[in-house]
Amino acid sequence: MTERLHLGVALDGYGWHPQAWRATPDPVAESMLTGGYWADVAATAERGLLDFLTIDDTLMPQPGRREAIDPRRLAGRGDAVLVAARIAPATRHIGLIPVATVTHTEPFHISKAIATLDYVSRGRAGWQARVSATTHEAALFGRREVSGDLFDEAVDYVEVVRRLWDSWEDNAVIRDAATGRYIDRDKLHYIDFTGRYFAVKGPSITPRPPQGQPVVAALAHASRIYEFAAASADLVFVTPTDDTPLRAILDELDQRLKVYADVVVAFGGDTDFRSDAHVFGGSAAELVDLLLDWQQQGVHGARLRPAVNAVDLPVIVDTVVPLLQQRGVFRSRYRDGETLRERLGLPIAPNRYAAVPT
């Protein structure tokens, strides 16, 4: 049987082109700050039977890390985790992976936010962890200057989040009306994490998520981030380019990771803009050939970034996906009740604090 290709889509504002807002039919009526806009985009992605969608986020009002605001580019964004929570009840199957920054924020808050998203979506949640390296982003919080190895801190951060997800056993909530006990206190656990960057007692205020461990992702461009992904993530998004071919990236990665190759797709023809990922401006059939070539090289799947959501996402859904189906490498329907972990082929996540049956 032909190996199935996994396919996700990365969403950011009106698209990844710096002028995507100008190519959107009515960016005022269809404001990307409204729940309706995101629900419509998610419904389109789900119509294409995609594995998941990611929602980008940074600590700056515009994409990138620049302090200066460019008046020609889209400015302003909603919180990605809250946007994902809005999308969840408007969809049934597609996975939801918002970005949330670890630097300057607290793992306790992210753990309960993503756990809540997993409940709202019935086991379809993930989280893309991101660091913040600039002094002007640090100044937004007024708490501390950026120093040390941010990815070393991020490893501890993700570990705390994962332990908090495990701090309730799956059957901690018993709701025993006869005895009047709602929870079994023996199945709630202090995590007592003490490291270089955090000292967190726990437990979480949110019961263990339906997936046990929601999917953790990382976007990686270089060796140090590949190491972070290997230590902390379930899947990694990589950015092959002419200067850094896919084979060279795969040779550096931990083989246990699920690897998705990122590509910006611009079917409208305008590819003259900068991106950290390869910008593709060919036909849908040529994109399919590229994706299958990457699959042969060893990626688990691909994450497509529409240059303009209103233009490129429908082509992905209505042309690229059918071509992949014709090649026998993409699903024809979702499986009811499937969690995101199951769809990605990730193992069941045991609770580290639960007693092992003897």
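**Exercise 1. How many nonpolar, polar and charged residues does the lining of the largest pocket have?**

This is a predicted model, in which local features need pLDDT of at least 70, side-chain atom pairs count only at pLDDT 80 or more, and totals for chains, interfaces and linings use all residues. Residues are numbered from 1 along each chain as its sequence is written, and side-chain values use heavy atoms, with hydrogens and water left out.

Step 1. Fix the terms. On a 1 Å grid over the protein atoms alone, a pocket is an open set of points with protein on both sides within 12 Å along at least five of seven lines; a cavity is a set where a 1.4 Å probe fits but cannot get out; lining residues have an atom within 4 Å of a point. Ala, Val, Leu, Ile, Met, Phe, Trp, Tyr, Cys and Pro count as nonpolar, Asp, Glu, Lys and Arg as charged, and the others, Gly among them, as polar.

Step 2. Take the volume, the space filled by probe spheres set on points joined across faces, edges and corners. For the largest pocket this is about 1,300 Å³.

Step 3. Find the centre. Of the 50 lining residues, W16, D56, P63, G64 and D276 are the closest to it.

Step 4. Read the classes: 25 nonpolar, 13 polar and 12 charged residues.

**Exercise 2. Describe the second largest pocket and the largest cavity.**

Step 1. The second largest pocket has a volume of about 350 Å³. Its lining has 18 residues, and the closest to the centre are R162, A230, S232, A233 and D234.

Step 2. Helices (H or I, at least four residues) and strands (E, at least two) are DSSP runs numbered from the N terminus. Helix α6 gives the most to this lining, with 4 residues.

Step 3. The lining of the second largest pocket has 11 nonpolar, 1 polar and 6 charged residues.

Step 4. The structure holds 1 cavity of 30 Å³ or more. M60, P61, Q62, P63, G64, R66, A68 and I69 line the largest cavity, and they divide into 5 nonpolar, 2 polar and 1 charged.

**Exercise 3. Is R303 buried or exposed, and which side chains make polar contacts with the side chain of R303?**

Step 1. R303 is placed in strand β13 (residues 301-306).

Step 2. Buried means under 20% relative accessible area, exposed over 50% and partly exposed in between (1.4 Å probe, protein chains only). R303 counts as buried because its relative accessibility is 3%.

Step 3. A polar contact is a pair of N or O atoms within 3.5 Å; within protein, one must be able to donate a hydrogen and the other to accept it, and residues adjacent in sequence count only if both atoms are side-chain atoms. The R303 side chain has such a contact with the side chain of D262 at 2.6 Å and with that of Q128 at 3.2 Å.

Step 4. Leaving out residues up to four places away in sequence, R303 touches (heavy atoms within 4.5 Å) several residues, including F52, T54 and F237.

**Exercise 4. Place F52, T54 and F237 in their strands.**

Step 1. F52 and T54 point one way from strand β2 (residues 52-55), L53 and I55 point the other way, and all are buried.

Step 2. Two strands pair if DSSP finds at least two bridges between them. Strand β1 (residues 6-11) runs parallel to β2, with 4 bridges, and A10 stands opposite T54.

Step 3. L235 and F237 point one way from strand β10 (residues 235-238), with V236 and V238 pointing the other way.
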